[in-house]
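Hello,

Here is the structure I promised to pass on to you. Have a look at it first, and then read on for what turned up.

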Amino acid sequence: MVKEKKAAKYVYSFGGGKADGNESMKNLLGGKGANLAEMAGHPSLRLPVPPGFTLTTEVCTYYYAHKKTYPKVLKIQMEKALVKMEKLTGKKFGDKQNPLLVSIRSGARRSMPGMMETVLNVGLNETTIKGIIQQSGDARFAYDAYRRLIMMYADVVLEKAEGIEPKGGKGIRKLLDEKLENIKHKQGYAHDTDITADELKVLVNEYKKTIKKVLGVDFPDDPMQQLWGAVGAVFSSWNGKRANEYRRIEKIPHEWGTAVNVQAMVFGNMGDDSCTGVAFTRNPGNGQNKFYGEYLVNAQGEDVVAGIRTPAPVNEYSMNEQSKQFTSLEKLMPSLYKELFSYQRRLEKHYKDMQDIEFTIEKGTLYMLQCRVGKRNGIAAVRMATEMYKEKLIDMKTALMRVGPNQLVELLLPMIDPKAELIQPVIARGLPAGPGGAKGRVVFTSEDAVEWASKGEKVILVREETSPEDVDGMHKAEAILTTKGGMTSHAALVARGWGKCCIVGCADIEIRSEGKLFEAKNGVIIKEGDCITLNGTKGLVFEGSMPLVDIDIEKNKSYKDLMKLVDKVKQIGVRANAETPADAITAMKFGAEGIGLFRTEHMFYGEGSEDPLLQLRKMIVSKTEKERINALNDLFRYVKKDVKATLDVMKGFPVTIRLLDPPLHEFVPHDKEKLQQLGKELGISMSVLRRRVLALHENNPMLGHRGVRLGVSYPEITEMQVRAIFEATSELIKQGKKILPEIMVPVTCTVNELVHQRKIVDRVYKEVCEKMHMKKIPYLYGTMIEIPRAALKAAQMAESADFFSFGTNDLTQMSFGFSRDDIGGFLPKYLDEKILTDDPFQTIDQEGIGELIKFGTERGRKTKPNLKVGICGEHGGDPESVKFCHRIGMNYVSCSAFRVPIARLAAAQAAIESPRRK
Ligand code: PEP
Ligand code: MG
């Protein structure tokens with residue numbers, strides 16, 4: 001006999017200490033349904049959850065695949081589940097004496113707060129209302145519930161789910177709301193609660209008439225029809241505009257569908273012995289292990305969320321300035337509070353994580369309505385993870401996975417006081433290039449920034465974009481705001497290196513009046529000297545001066561505990577990109593294990609750069625070798641001093657010193673005074689100097705005379721730098737210090753360039769050994785891989801390199817053909833249209849650029865198995881990119897000092913997710 005195929009199970013019941021499903025079934029039951037089942041049915045919980053059932057996400061996918069119809073067996077399964085609910089509650093759906101009312105709520109695999117619809121009080125009609133009045137003894141309460149149902153049903157089921165576009169933009173909810181307001185106005189009532197039962201009764205009839213008139217249908221009196229209507233509307237809301245938009249942003253697949261939960265109603269608004277509330281098992285704001293929450297007496301859940309009345313604290317701990325006049329639940333209903341307290345403890349112990357819970361007390365009986373993992377800020381995340389580990393609630397790996405690497409930013413930088421940010425309107429949005437908060441007075445030029453700052457003013461530098469000439473002003477400014485540029489534009493890169501707050505590509509503002517004011521899209525005008533506040537973590541601009549909260553990481557014990565765990569687990573090294581001894585000290589403080597990129601040219605920008613810059617300029621405009629060597633001899637002592645100080649700070653950790661890279665024209669002065677000074681120094685006329693400067697002009701400097709090409713054209717430039725590095729190293733070693741420099745050649749595309757430069761290095765090495773009486777000087781010689789050809793020819797490149805460091809800024813620029821400074825102009829559209837999923841300058845494009853990196857690493861190591869491989873582009877501080885680098889077997893990542901902790905945590909998580917064989 002052929003065995004009949006068992007019908008699929010579409011309905012899962014819960015309640016009365018039992019449940020068909022459990023927490024592990026989120027894909028099928030949605031987060032809410034799975035957690036309700038767990039709370040109701042798990043032997044160690046069995047909490048008082050109002051009984052109900054969940055229609056699975058498979059019903060939703062069926063619904064959309066079959067022209068909004070349901071599987072045949074659904075009706076019978078649902079009816080059975082309803083009977084179970086009736087037994088557990090002792091009530092009956094549609095009964096005139098003791099009617100059961102239900103709520104219909106959505107619940108996707110991942111929470112989509114407020115994006116889908118809800119219908120409450122389903123089952124109320126002209127007959128059942130009599131039973132509700134009798135049971136509750138409160139006609140006002142019953143009619144209020146009825147009018148709420150009619151309003152919600154009309155809005156969600158009869159209008160939205162039907163796809164009706166309201167005439168003149170005024171939806172049915174608004175029209176019905178106006179009727180309620182009319183009564184209040186006519187009677188002079190201040191609150192909804194002042195409206196009497198009789199008035200509500202009249203209102204209910206008016207609601208029904210309006211619905212018929214506006215939508216052309218009757219509000220259904222049949223409870224079963226109400227139930228199916230509401231279920232269909234919630235499934236439809238999965239495809240609503242809001243939900244679609246949210247899924248796009250959060251990258252939630254459309255195919256998932258939502259589950260629908262049908263649950264017995266309990267009422268927190270049945271009088272003063274009823275209430276409803278939301279609470280957390282630990283404080284989500286600071287992570288403290290204290291029960292924290294709010295509640296409202298005589299109210300429904302929706303009232304807490306909507307902020308209509310100010311809720312009171314659940315306990316004395318949750319009291320604050322605004323709420324101290326209220327009575328806590330702990331005081332008002334001590335024994336129910338105790339019960340709630342014990343449930344929340346059980347829930348946290350069971351889920352081994354902080355829970356966000358919703359509860360209702362109906363006439364002295366406590367019900368648990370929902371629980372889920374609670375959202376928390378970075379500070380709280382670190383504290384909870386480390387404390388739960390210490391409490392032995394979770395193991396080390398779980399603790400490390402609990403903190404999002406980017407959440408650490410909140411612990412490292414000052415930020416806008418979250419309370420102030422909640423109430424202040426945003427005037428413009430841009431790309432969040434440098435995290436943290438900052439406030440100051442607006443200036444529009446680097447010179448003004450320097451001048452104002454020297455007078456003790458805190459300033460924010462606002463520019464269309466920045467260039468190396470602005471560095472001084474950028475340094476002096478509290479924060480930088482640019483209207484153009486992308487995440488690796490000059491402003492972004494420099495600011496991040498300093499851990500400075502920065503917003504770039506802020507097209508919402510326009511600088512006008514020859515740079516004396518800017519106007520935001522919304523019309524707000526900010527003049528020079530006006531105060532603004534930036535949230536660089538989110539890319540938000542605010543008018544005026546807002547309070548900031550300062551953070552000292554050394555004082556954060558939880559952070560230190562977390563980092564100790566990080567170091568036990570991670571398998572890839574983390575270095576910092578640092579240009580000065582001060583940067584190096586910061587890097588060490590954040591736990592860097594070396595410097596992966598020391599950009600030599602940085603000594604020519606900003607404070608103290610006047611003299612070395614003059615020497616560099618002399619070298620650039622030199623015509624003869626003699627002139628050049630003279631200039632280089634002068635420059636030598638600056639380079640040596642700078643390199644030496646940084647090597648010294650790093651105490652034996654490797655320091656990768658990159659030979660000069662930027663296009664020379666960047667350093668040529670443009671103002672007359674500086675040109676005159678230069679001509680004088682060189683002993684040449686202005687017209688000769690002008691001709692020489694003109695000759696340096698390039699049409700495409702990013703692909704021009706830069707990097708190793710300089711060292712090939714002018715070997716003496718390489719020689720000077722290498723000599724400085726070897727001499728500095730020798731002197732430190734003679735002081736008994738452990739020193740390890742790595743000489744890195746930038747912008748290479750063929751091994752012949754490396755061979756060419758290596759000859760110079762070898763010769764200078766010998767000379768310095770002799771001069772300094774050193775038998776040997778430790779060092780490595782290697783190259784950046786930042787031109788696609790270099791990656792493709794990695795096998796050959798490795799023949800003349802001890803290490804590779806992937807320069808993913810240029811590698812991305814040159815592989816995509818996207819200018820790193822101009823991507824801001826078209827990237828938003830690319831992201832909007834889903835042509836790209838992410839900014840490739842922010843996170844490694846793993847399927848494209850990642851292939852080049854993987855290929856280059858493998859080929860290089862085939863030639864030289866011990867080849868050291870790292871990354872020093874901005875991606876070195878992006879958690880997903882760090883994980884990628886770990887997976888492909890790199891030795892280290894290097895990023896700006898302020899991102900070192902983030903990269904360390906990402907590295908530890910990578911080692912947990914895909915451990916390397918030791
Ligand atoms: C790179 O190109 O990735 C790099 C680190 O070098 P720079 O940003 O200085 O060009
Ligand atoms: Mg580069």
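Strand S29 is covered on both faces: Pro654, Thr656 and Arg658 on one side are buried, and so are Val655 and Ile657 on the other. With 5 of its 5 residues buried, S29 is largely enclosed by the rest of the structure. Please keep in mind that this is a predicted model, and that what follows was computed from it.

What lies on either side of S29 in the pairing? Strand S28 (residues 595–599) pairs with S29 in the parallel sense, over 3 bridges. Within that pairing, Arg599 has Arg658 as its bridge partner in S29. S29 also pairs with S30, again in the parallel sense, this time over 5 bridges. Here Ile657 stands opposite Ile743 of S30. Helix H27 (residues 715–734) lies across S29 (654–658) and S30 (740–745), and its direction is at about 170 degrees to that of S30.

These strands belong to a wider arrangement. In the order S27-S28-S29-S30-S31-S32-S33-S34, 8 strands close into a barrel with parallel pairing. From one strand to the next, the twist averages 30 degrees. Further along the barrel, S32 (residues 803–806) and S33 (residues 868–871) run parallel and are joined by 4 bridges. Phe806 has Ile871 of S33 opposite it. Helix H33 (residues 849–863) packs on the sheet and touches both S32 and S33, with a direction that makes about 175 degrees with that of S32.

Now to some of the helices, starting with H5 (residues 139–160). Its 22 residues should span 32 Å at 1.5 Å a residue, and the end C-alpha atoms are 30 Å apart, which agrees. H5 does have a kink of about 35 degrees, centred on Tyr153. Is H5 enclosed or open? Because 19 of its 22 residues are buried, H5 is largely enclosed by the rest of the structure. At its start, a side-chain oxygen of Asp138 comes to within 3.2 Å of the backbone nitrogen of Arg140.

Helix H20 (residues 557–569) is another one to find. For its 13 residues, 1.5 Å a residue gives an expected span of 18 Å, and the end C-alpha atoms are 19 Å apart, in agreement. Buried residues of H20 include Tyr559, Leu562, Met563 and Leu565. The buried residues of this helix pack against four others: H13 (378–390), H14 (396–401), H15 (409–412) and H35 (900–913). The start of H20 has a side-chain oxygen of Asn556 within 3.1 Å of the backbone nitrogen of Ser558.

Lys241, in helix H9 (residues 241–250), gives you a residue on the outside to look for. Its relative accessibility is 77%, so Lys241 counts as exposed. Lys241 and Met116 are 125 residues apart in sequence, yet their C-alpha atoms are 9.6 Å apart in space.

Finally, the whole chain. There are 35 helices and 34 strands in it, and the C-alpha trace spans about 105 × 70 × 55 Å along its principal axes. Of the 918 residues, 55% are buried. Among contacts between residues at least 6 apart in sequence, 68% join residues at least 24 apart.

Enjoy exploring it!

Best wishes

Methods. Residues numbered from 1 in each chain as written. Chains lettered and ligands numbered in written order. Predicted model: local features only at pLDDT ≥ 70, side-chain atom pairs only at ≥ 80, totals over all residues. Heavy atoms only, no water. Pairing = 2+ DSSP bridges. Helix = DSSP H or I, 4+ residues; strand = E, 2+ residues; numbered from the N terminus. Axes fitted to C-alpha atoms, helices over the stretch in contact; angles between N-to-C directions. Contact = heavy atoms within 4.5 Å. Expected span 1.5 Å × (residues − 1). Bend = angle between axes of the 7 residues up to and from the residue. Buried < 20%, exposed > 50% of the residue type's maximum accessible area, 1.4 Å probe, protein only. Polar contact = N/O pair within 3.5 Å; in protein donor to acceptor, adjacent residues only side chain to side chain.
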